[in-house]
Amino acid sequence: MAGSREIEQIAAQWLARRDSGDWPAAAQAELEAWLARATAHRVAFVRLQAAWRQAGRLQALAAGEGGVPARAAWDEVAPPRAPFTSVDAGADAGEDRDRVAPPPRADALTFQPRRAPARASRGPFAAAAAVAALAVGLGWGWLHYGAIERASYRTALGATDEVALADGSRATLSSDSRIEVALSGARRRVELAQGEAFFDVAKDPGRPFAVEAGARRVVAVGTHFSVRRDGADLRVVVTEGTVRLESEPVGGHPQPTTLLPAGSIALAGPNGVLVRSVAVEEAERYVDWRHGFLVFRDTPLAQAAAEFNRYSARKLVIADTAAGELRVGGNFRWSNAEMFVGLLEQAMPVRAERLPDRIVLHSR
């Protein structure tokens, strides 16, 4: 099968030929057959067609051979008659096509006087070759910088979800979380708008994977890590590889960058960044929510209740300081706060007051 660059060149030649003015039905049938032969052909054609139109009608390059093109030559190029029911290029190519401004009028253009040719003209094929070369260049530029995925993913309270991204990475969203994804040939950017997400990043040294959350930015090449946002506070847990935690300047002063290897738990807040280094197995406990569990090790009850509240509309409320300071441990299903409360009542000096919208925990 032809390589990507060869396919782009063939697609550009089809575009140049179609715009040359000599386009019989047989040529249309050949183009449709070529497009139907492979998805890569359809993708290349759509992408270059968008670049072609964004360039303001590249066939103006041929004007030197025959003077100023007729006004009709600037009309919108008709798309192939074969319908594209599925194109892998993403929505951006089509959206850009819809947004392109109408081409300039011929009487508003200024052309430089044509210099006398030093040798016999090679005719429209030379112009088509020039158009094809420029279209290929624009097409590869579109591939490199144009967005290939722009998407928003979110979960409801009490739900988690795993999504596959266009670059081969995967993101697992915790309860009540939202991410905004923008991937292109030049960079990979995800904004954590709220909640928490775990990222399994596909390796691509040429395109670092950046997760932005407020004034912080977590950058990786290919690794596993989670980012959790609680207002202005951020928690980063790294379970594989190394990530870089960056902060925006404060008062015009740049902030230091923190490298976080596997086993790092970083807490970033208004007063700076605090990093703990633990065994990878312990770091993985912090992301056991992906499997439906909350894991506590000598955890204050107030903190445990706050974790459960991230997953349920019926909140656990701590009634007094003594109850909040009790220590709990174990693995618990975050979907079953009622069972957790029942165990507290059996094993600890806690009394639960059950109300329709909350469970109030009192010390006894």
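Which residues touch the most other members of the largest nonpolar core? In this predicted model, that core has 27 residues, and the members with the most contacts to other members are Phe199, Val211, Phe225 and Val236. Strand β5, which covers residues 188–200, supplies the largest share of the core, namely 4 residues. A second core, separate from this one, has 24 residues, including Leu301, Val341, Met348 and Ile359. In soluble globular proteins, nonpolar side chains tend to be buried together.

Before following one of these residues outward, it helps to set out the chain as a whole. The protein chain contains 10 helices and 18 strands, and 41% of its 364 residues count as buried. Its exposed surface comes to about 19,100 Å², of which carbon and sulfur atoms supply 52%. Among the contacts between residues at least 6 apart in sequence, 55% join residues at least 24 apart.

The confidence of the prediction varies along the chain. The average pLDDT is 79, and 71% of the residues score at least 70. Over residues 57–114, however, pLDDT stays under 50, and the model has 84 contacts beyond four places in sequence for this stretch; pLDDT likewise stays under 50 over residues 138–145, for which the model has 24 such contacts.

Returning to the largest core, valine 236 touches, apart from residues up to four places away in sequence, Val218, Ser226, Val243, Leu245, Leu260, Ser264, Ile265 and Ala266. One of these neighbours, serine 264, lies in strand β12, which spans residues 264–269. Serine 264 counts as buried because its relative accessible area is 1%, which is under the 20% cut-off. Its side chain reaches the backbone oxygen of proline 261 at a distance of 2.7 Å, and, with neighbours within four places in sequence left aside, serine 264 is in contact with Val236, Val237, Val238, Val275 and Arg276.

Proline 261 also appears among the contacts of threonine 242, which, beyond its neighbours within four places in sequence, is in contact with Ala220, Thr223, Leu260 and Pro261. Threonine 242 belongs to strand β10, made up of residues 242–247, and with a relative accessibility of 43% it counts as partly exposed. The C-alpha atom of threonine 242 is separated by 9.0 Å from that of valine 219, although the two residues are 23 residues apart along the chain.

Elsewhere in the chain, strand β2 (residues 161–164) and strand β3 (residues 170–173) pair in the antiparallel sense over 4 bridges, and within this pairing the partner of glutamate 162 in β3 is threonine 172. The two strands form a hairpin with 5 residues between them, and glycine 168 in the turn has a positive phi of about 100°.

Positive phi values also occur at two residues that are not glycines, and what surroundings do they have? Aspartate 176, with a positive phi of about 50°, is found in the loop between β3 and β4, and it is partly exposed, with a relative accessible area of 35%. Aspartate 298, with a positive phi of about 55°, is found instead in strand β14, which covers residues 293–300, and it counts as exposed because its relative accessibility is 54%, which is over the 50% cut-off.

Key: Residues numbered from 1 in each chain as written. Predicted model: local features only at pLDDT ≥ 70, side-chain atom pairs only at ≥ 80, totals over all residues. Heavy atoms only, no water. Pairing = 2+ DSSP bridges. Buried < 20%, exposed > 50% of the residue type's maximum accessible area, 1.4 Å probe, protein only. Contact = heavy atoms within 4.5 Å. Areas by Shrake-Rupley, 256 points an atom, 1.4 Å probe, with all protein chains shown as cover. Polar contact = N/O pair within 3.5 Å; in protein donor to acceptor, adjacent residues only side chain to side chain. pLDDT = per-residue confidence, 0-100. Core = buried A, V, L, I, M, F, W, Y, C linked by side-chain atoms within 4.5 Å.
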